[in-house]
Structures are given as C-alpha cells and as structure tokens.
Amino acid sequence: MGQGLGIKKCDFKVTMNNNNHHTEEISTERLIVRRGQPFTITVCFSAPIHNYLRQLKRILLIVQTGSHPSKADGTQTEFPISSLGDQKQWSAALEEQDPCFWTISVNTPANAPIGQYALLLHASKSDHLLGNFTLLFNPWCQDDEVFLANEAQRQEYILNQDGVIYWGTENAVLAQPWDFSQFEEDIVDICFTLLDVGERHQDKDHTQRKNPVYICRTVAAMLNCDEFRGILTECGTRQYFNGTPPSKWLGSGPILRQWIASHCKPVRYGQCWVFAAVMCSVLRCLGIPTRVVTGFTWAHNTNSSLSVDEYYDEDGTLLTQDKNARVWTFHVWNECWMARADLLPEYSGWQALDATCQEKSKGPSFCGPAPVQAIKEGDTEADYDVCYFFAAINAKCQVWIQKTDHTLKPALGSTKYTGNNISTKSVDSERCEDITHNYKYPEGSFQEKVVLDKAYTKIKKLEATSSSSKTQFSFIPTALEEPVNLFIHLQLRNSMLRGQDVPLSIEVFNHSGGEKATHLLVGAQSLHYNGAPVTQLWKEEFHFTLRSNEVSRKHGTVSAKHSEDRPPEPSHRTPGEVRDSGCRARAHLQTKKVQVGLCTTEKHSTAANPIHPHPRWAQKTHCTSHLPSNPEPEDLQNYQHCNCLMPHLEQILLSFYRRAVMICALVSGKHRR
C-alpha cells in the first residue's frame, strides 16, 4: 500500500462494539453496529508510523455498500481521519495513536442506508480493505426515524426473541408461543438476501434503504409469494400438499432457513399469523421496533367498503359465502414503530403492516405501513392503505337469512361489529394487552360517530372517482315482523378437555302476556378461522309450550367425536405448553355475540359480562345474557326494547385449535289460541 506503507491487521473490537450497539446476541465474531452511533477500530501498521507521515496526510476512510457502490447515490462515502468527528455524517476521529497503531472512532449518520458495508483505508492512491461490517437501524438513537424512547419497549420490540401470538375468538383469546429467532447469526444475512431479492423484483436499489417505510414495504412484498417469488405460499383450507401446515410452524428460523436453502423458492405453507410472525422476526433483526397484533372479528377483503355480508339458512346454519369478502374469526398483522416524515407529525408512532393478501382494486396485495392514529381518526387518504385497515375493523356485517326459495331477508337486529379486542403481548410480560383503543373510539361514542361519518364520506368520494368501483347494494327496510317476545340464552362450561362431550344448556324465556307454542332448533357447525364454514356437526329440535313469563330449560350434547376430528390446521399442543401428540388439549367454549336479535340500544351498551376477559365486550354484548338463570318478570323491565329484535339467534363457539365450532340456536314462537 503506497511506498512501503502497510497494514498488519485491523481490530474491529467486535465484543466491545457489539455490546455497545445491542447486537452481541447476533454475533461475537463479526462487527454488527447501529446507525447514528460511533464504533471503534484499531489499525496496526507493519512499521512505525512516523516513517510515512507524507502519505498519512492524505489518508482517508471509505465505506461502501451494494453491488455497485457510487458516491453519486450515497452508497460510497470518503471521509478523512481528524481529531474531531462530525456526529451528523460519516466521519472518523483519531482517539489514540502509537508508533505502530491508531485507534479510530468511526461515526455513522442516523440516516445512512442499512446494509452490509466494506471499510477501506485509502492512502497514496491505494486502497486497503480493513474489513466488513453490518449496519442496522438504531431505535436507541434520537436522530434515527425508528427511535423509541422507552427502554422496556426497546427490550421487548427489538431484543426479545420469545413471543406470543394470540388467536381463538374474541371472548376466549388463546396464546401460542413463537420463537422469533431474530438474533440467530445466519438470520441477519438471510434478511439482507431477502431485501436483495425484493429489490431485484421491484427494480429498486440500496439507496432507499435509509427509509424504514421502504424497508417495511419491501419485506411485506416478499413475505407472500402472491407479489413476487416470496418467502411463503399462502394456502386455502385443506391445501397442504407437499408442505407444512401453517399451525405446525413454531418459529421463524426454520422458515427463513428453508427459503434460503431452496434458493429462494417459496416455503409451503403460511397463513396470516405465520406471515406476521416472520415479518416481526425480519424487522426486529433489521432494527425496526415491531410487534404482532391480533384482531378478532376482522372484515377481510372488503376492498375498503364499510359493509360485509353473512348468510344463514332458516335453520341458523352459516352458508358458504363469497370467498373474498368474509368476516374472519381473527386476523394477525404487525405494528412497526417509526417517524413518518412523509405525513403529519401526529401520524408518527405505530404503523399497521399486513403481509396477508388483500383483494385490492389497485396497488400491491399487502397493506401498510398505515399510521394507527390515522386509522383511529378515519383519515383514509393517508399513506399507506389506511382505508383497508379502517374498513376491516369498522365494517358493519349485515346478516341475511336465505329462505328455501333462495330469496334473502335481513335478520332483525342483525348488525355485527368488527374489529374487536385488538390484542398484543404486553411489554416484559406474557399478559395479553388490549389495544383496541389505539384503533377506534368506544362503540356508540360521539367521537366514533364523527370518525365514521368522515371516513364514509371520503370512501364514497373515492368510489365515485374510481373507475373500478362497484355499485353497493342498498337495502330498503320493510315493516318489522310481529315480535315473538322470546329470549334465549346458551350456557356451557368455560373450558373443557379435549375428548369430552360438550354439554349445552339452553334457556328460553317467554316474557309475553300469553302462552306460546315454541320451536327451538340448536346446531353445531365447524368453521375455519377465516370464517369459511366446514360442516354441520350436530343439530337437534325441541317443540314445547311456554306459558307467560315461564322459563324452559333444554339440554343437548355435542359428541366428543366431533372434537376428535382434527381440523386441517391443528396446533397439536395446548396453548402455553407443548405436549406429545397423544396428550389431551383444552377446548375453550364461550358465547359469541351479535348474530341475530341482539340488543344495540346505546343506553344498555355498558352492561358487564363477567365471562369475558376483555372490558370492551361490555360495550357490544347482548344485554339479556346477564339475566339470572331463572329470571323474574322484573328482571326484564330494562329489556323491553328488545321485543322487536326477534327471532333470536345466539351462538357459542368452541375453539378447537384454529377451527371454531359454532353452536347456533334459533327460536320462534306463536301465540296459542
């Protein structure tokens, strides 16, 4: 190197630097640092330095990244070694010098592109490679767009490799452990390979890697092979040929390693919780604070419409719906923390990001990052895809009864609310944290009405200007049928062991002034988590007469053989623990709100429901479900407004792994003459 000047070695002080940069769990053998924070190296020369003073006056450091580094696009930078380094840009400061070595502090700017870098020393028109290092986002740096002020949150959303994914139903949330593996040493290289492949597909380059929004969208596009040659293949129900069922995955590491080992061929198979878990692993590895979020009763593929339909036959059986627009039992996505320099300041913070395919009229099939605050405020024009998230958690589901002649009529009192009990793992705890308040105002509040009106106006304006918009079906209400004045309440134990029969108790109360001949039909139906009905498991009819203000109790049993039928995507383990495949697994039973005939009167929206762990349940539950088991007439004095909401359909869901068993009861009655 230049007329005798030689470098014996360069010590990257990996242990010290990686500890200072919170990357010691990734590697103790290679330098991995975070932008906006200096790191220290020691350069050992092959001869005493004073012999080369003329050459050292023109010494520079060079950093470069990408396959074609260039000064013009910012992927190559030269900077001198001085006594003082500039903290806002690439710089180097001489901290200690000796006849045979220099100790240098190298500073990286807080907006530098992340990636794998080469560090070179330039002197007398010659370059010498000192080594390579990896640069990540830095949530510990105030000038970085992903800065997160709370240390406990940084520990959880960057450094924690053990996570929990929530699923089940909105009033019986189940927890599944997940190993994110973001700090296993090969994962960081796989993550950058993922970015390389994604950029080739999108005709983009390393220059935009300084922007966390760009990184999130690139990773989301690569997660699902619907976009490119992605990491995972999404599967429909029962489609697991030559692959792994989604619920068999226990962590992100095996998925990412299988993808890289197969030369970037999509791994079979994934569904929403797998996409979100792998997304969380990749973004945490790259330095973006990320968490996995689950929402219950999610309106999927509404194409930003604020309505979605469900169809039942006259026996209360859920019918096969349109495969696109459907209410899912639960859905899983991500939130990423970052400043949004492209939007208003109030939209910095948590951003919703969903890699699961959406049926969209234009643009990529993934959604986000969308500011959670913009979703809450109904600012549907904000980037990216706020309208899709808003519709998914605010759409009203109209329930229709399909008659034997195939005509449809709206079920009375049939509005079903979406976007319930939005949940994530608490910081430094296994507790499930309800974050619904981050996404929406309380149901029935004045703020909710203002937001819904604003969003509805904007979405309608968007539909009017879009050539691909579809005319929405408008229903004109007809006169209400004669109220039957019957209430029904389904009861069963909150939890049971797999293999046990499911005992069911049904109470029917006649609070009319006369005797009624009553027909009660109860059935159990299995559903996939995405709302698709599978099969009718059990059905039973009861005929009886109810005198005025009389309660009749009926009992039924769903046979254990139905719970032994493994669903297409079984978890094969009890939530929170792993057992052999032959062990007993718990099945959780709970009442399912709002199908037909539920109370929606605002003044009764705050009744407490003790069986539900989430306080928001009280805001939308059926007020009559809180009656005593043997109600007296005075117990019903506050519920007379429900008379017009019959016939009444109430559900119970049994969450067997990731398939729900829906128990429906339909009651009708006529006055005896």
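A residue is called buried when under 20% of its relative accessible area remains, and exposed when the value is over 50%. With that term in hand, this briefing looks at a predicted model, beginning with helix α9, whose buried residues include Val 386, Cys 387 and Tyr 388. It then turns to the crossing of helices α4 and α7, and afterwards to two open sheets, one of six strands and one of three strands.

**Helix α9**

- Helix α9, which covers residues 386-394, is mostly covered, since nine of its nine residues are buried.
- Besides Val 386, Cys 387 and Tyr 388, the buried residues of α9 are Phe 389, Phe 390, Ala 391, Ala 392, Ile 393 and Asn 394.

**Helices α4 and α7**

- The axis of helix α4 (residues 185-202) and the axis of helix α7 (residues 272-286) come within 10 Å, and they cross at roughly 100 degrees.
- Because angles of 65 to 115 degrees count as roughly perpendicular, α4 and α7 are described as roughly perpendicular to each other.
- On the α4 side of the contact are Ile 187, Val 188, Cys 191, Phe 192, Leu 194 and Leu 195, and these meet Val 282, Cys 285 and Leu 286 in α7.
- When the residues of this contact between α4 and α7 are sorted by type, nine are nonpolar, while no polar and no charged residues take part.

**The sheet of six strands**

- This open sheet has the strand order β18-β17-β16-β14-β21-β22, and its pairing is antiparallel.
- Strands β18 (367-371) and β22 (432-434) stand at the edges with a single partner strand each, so one side of each strand is left without a neighbour in the sheet.
- On average, and with direction ignored, neighbouring strands of this sheet are turned by 30 degrees against each other.
- Within the sheet, strand β14 (residues 290-300) pairs with strand β21 (residues 420-425) in the antiparallel sense over three bridges, and Val 293 stands opposite Thr 424 in β21.

**The sheet of three strands**

- The other open sheet has the order β23-β25-β28, again with antiparallel pairing.
- Here β23 (486-491) and β28 (550-558) are the edge strands, and each has a single partner strand, so one side of each is left without a neighbour in the sheet.
- Neighbouring strands of this sheet are turned by 20 degrees against each other on average, when direction is ignored.
- Strand β25 (residues 502-510) pairs with β28 in the antiparallel sense over nine bridges, and Pro 503 stands opposite Thr 557 in β28.

Methods: Residues are numbered from 1 along each chain as its sequence is written. This is a predicted model: local features need pLDDT of at least 70, side-chain atom pairs count only at pLDDT 80 or more; totals for chains, interfaces and linings use all residues. Side-chain values use heavy atoms; hydrogens and water are left out. Axes are lines fitted to C-alpha atoms, for helices over the stretch in contact, and angles run from 0 to 180 degrees between N-to-C directions. Helices (H or I, at least four residues) and strands (E, at least two) are DSSP runs, numbered from the N terminus. Angles under 35 degrees count as roughly parallel, over 145 as roughly antiparallel, 65 to 115 as roughly perpendicular and the rest as oblique. Contact means heavy atoms within 4.5 Å. Ala, Val, Leu, Ile, Met, Phe, Trp, Tyr, Cys and Pro count as nonpolar, Asp, Glu, Lys and Arg as charged, and the others, Gly among them, as polar. Buried means under 20% relative accessible area, exposed over 50%, partly exposed in between (1.4 Å probe, protein chains only). Two strands pair if DSSP finds at least two bridges between them.
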